[in-house]
Amino acid sequence: MKGLIRTTHAVLMKDMRTEFRSREFLGHTFMFALLVIVIFNFAFKIDAQNAPGLASGILWISFLFAGTLGLGRSFLIEKDNDCIQGLALSPVDRTSIFFAKFLGNLLFLVMIQAIVIPMFIILYNLNVMENFFMQSLVFLLGDIGFMTLGTLIAAMSVNMKAREILLPVLLLPLLVPLLIFAASATASLIAGDDPSAYLSRIKMLAAFDLIFFVVSSLVFEYIMDEL
Amino acid sequence: MKKLKLLEKILALAEHRLVRLSVTAGAAALMLAALYLSLVWSPEAAGEPVTYRIIYFHVPTAIMSYIGFFVVFVASIAFLWKGDLRFDRIAKVGGELGVLFCALMLATGMIWGKQRWGAWWLWEPRLTTAMILLVIYSGYLILRNVLDNQVTRARYAAVFGIIGFVDVPIVHLSIKIWGNVMHPVVIKSAQEPGMPPEMMLALRVSMLAFLATFAAVFLLRLRLENLSAEVARLRGEAE
């Protein structure tokens, strides 16, 4: 257990250091997520009347798109200089590599959200974080489920031809339940519904996360062997 | 160990030519009987357009697609457990048949829906679940297509096959929350069939016919896969 935490920490720190030294990708993805939000305004002509109804969908779509971009990169950077071989050869538990990549991707998405959500609130003059604690919980649970399956599929996509298109094609259908639970919970929190409306969704999100986190960490070693 | 030997025997039996032939012949005969029973013999349904008869094909295709996806799931687990590429080939064939029958289920459902509901498509839980299933397992087949290395392909496909199947009930649950139910449920239980006995008989025969067709195509396709794997192996040896 202690070894697992140590190696997870080591791999995570390595990734963070690489990212913060170049500081490129986070900025680019943030610009992309912001653009998605702005583009939606032109597509839907958002005003004070329709904003509350559309907000949840717009936010989750921009998270899904930006997150998928980040996922695609998380294993690709290892491929560049054959780092993946070093990682695969190191005598550590394969699960810790999964945990580290998962945590890295999760952190990446949370950082994007930490900038995009305030921008959204300013641009559309709609406070989506009215119920701050519950809304943050929904975002976090949604992110965890997204990044669990995302990390797994991203690891697979590294070896594929046309991986840029295949990652979303394989991942998004699997995420349909997550999107439904998360977007409807966010929507009912924005609308200020009764807790009974969103609590059940939050429970289901948590169940989704738990199921796929267990299954993904069990099967990841089979993917790691082939990287 | 004993169970494994039994499995070996079943796999060897499936390879047998006579088994393939008789299953194919049986499927053809049953399909003819099912066509007669469902299109000619079974009575008109009160208050339903004549397209109601599509139920005799729609329901069996739906069940065959679920069987196909279940085969993917079980064979995927077996492959990851045993590492035998034969299971991978079984999973592949199961996936192909699942996708085929899922597409047929959607097509027959849409033809019926156009007559009954006046629309080809409704964003209704069962329909939407079926569509998501089709997309997930089409992804499974695409995944198999883009990987060249045999072992890598088998492993990734197995992982995806397991994840996809675990997702199915969650997809269904989530979409039930999200949409309005429109899809009729005809057969609620064995005690309460919801249709006259003649129709039930036609449906049962049709079900058997589709099951036999599934088995026949499965065996033929699996045979083809096994043969091409053998060719690849021999070619590798020759080089």
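This report walks through a predicted model with chains A and B, from the build of chain B to selected helices and loops of chain A.

## Chain B as a whole

Let's start with chain B, which contains seven helices and zero strands. Following the sequence from start to end gives the pattern α-α-α-α-α-α-α. The C-alpha trace of chain B spans about 65 × 45 × 35 Å along its principal axes.

Of the 239 residues in chain B, 39% are buried. If you look at contacts in chain B with a separation of 6 or more, 78% of them link residues 24 or more positions apart.

## A bent helix in chain B

Helix α6 of chain B covers residues 150–178, 29 residues in total. From its first C-alpha to its last it reaches 40 Å, close to the expected 42 Å. To find the bend in α6(B), go to Val168(B), where the helix turns by about 30°. A proline, Pro169(B), follows within four residues of that point.

## Where the two chains meet

The contact between the chains draws 22 residues from chain A and 25 residues from chain B. On the chain A side, the elements giving two or more residues are α7 (163–174), α8 and α9 (195–224). The biggest giver is α9(A), with six residues. By residue type, the side of chain A that touches chain B has 18 nonpolar, two polar and two charged residues.

## Two packed helices in chain A

Within chain A, helix α3 (residues 51–80) packs against helix α8 (residues 176–190). The angle between them is about 145°, and their axes are 9 Å apart. The crossing of α3(A) past α8(A) is right-handed.

If you would like to highlight this contact in your viewer, α3(A) contributes Pro52(A), Ala55(A), Ser56(A), Gly57(A), Leu59(A) and Trp60(A). From α8(A) come Leu179(A), Ala182(A), Ala183(A), Thr186(A), Ala187(A) and Ile190(A). Nine of these contact residues are nonpolar, three are polar and none is charged.

## Helix α6 of chain A and Ile153

Helix α6(A) has 26 residues, which should span 38 Å at 1.5 Å a residue; the end C-alpha atoms are 36 Å apart, so the two values agree. This helix is mostly covered, with 20 of its 26 residues buried.

One residue to look at here is Ile153(A), which is found in helix α6 of chain A. Ile153(A) counts as buried because 29 other C-beta atoms lie within 10 Å, and the cut-off for buried is 20 or more. Leaving aside neighbours within four places in sequence, Ile153(A) is in contact with Leu167(A), Leu170(A) and Leu171(A). Phe220(A) is 67 residues away from Ile153(A) in sequence, yet their C-alpha atoms are 9.7 Å apart in space.

## Two loop residues with positive phi

Most residues other than glycine have a negative phi. Lys45(A) has a positive phi, near 50°. Lys45(A) sits in the loop between α2 (25–44) and α3 of chain A. Because Lys45(A) has 8 C-beta neighbours inside 10 Å, it counts as exposed.

Asn125(A) is not a glycine either, and its phi is positive at about 50°. You will find Asn125(A) in the loop between α5 (94–124) and α6 (132–157) of chain A. Is Asn125(A) buried or exposed? Asn125(A) counts as exposed, since it has 10 C-beta neighbours inside 10 Å, and the exposed class takes residues with 12 or fewer.

Methods:
Residues are numbered from 1 along each chain as its sequence is written. Chains are lettered from A and ligands numbered from 1 in the order in which they are written. This is a predicted model: local features need pLDDT of at least 70, side-chain atom pairs count only at pLDDT 80 or more; totals for chains, interfaces and linings use all residues. The expected span of a helix is 1.5 Å times one less than its number of residues. The bend at a residue is the angle between axes fitted to the seven residues ending there and the seven starting there. Axes are lines fitted to C-alpha atoms, for helices over the stretch in contact, and angles run from 0 to 180 degrees between N-to-C directions. A crossing is left-handed if the near helix is turned anticlockwise from the far one by less than a right angle, and right-handed if clockwise. Two residues are in contact if their C-beta atoms, placed from the backbone, lie within 7 Å. Ala, Val, Leu, Ile, Met, Phe, Trp, Tyr, Cys and Pro count as nonpolar, Asp, Glu, Lys and Arg as charged, and the others, Gly among them, as polar.
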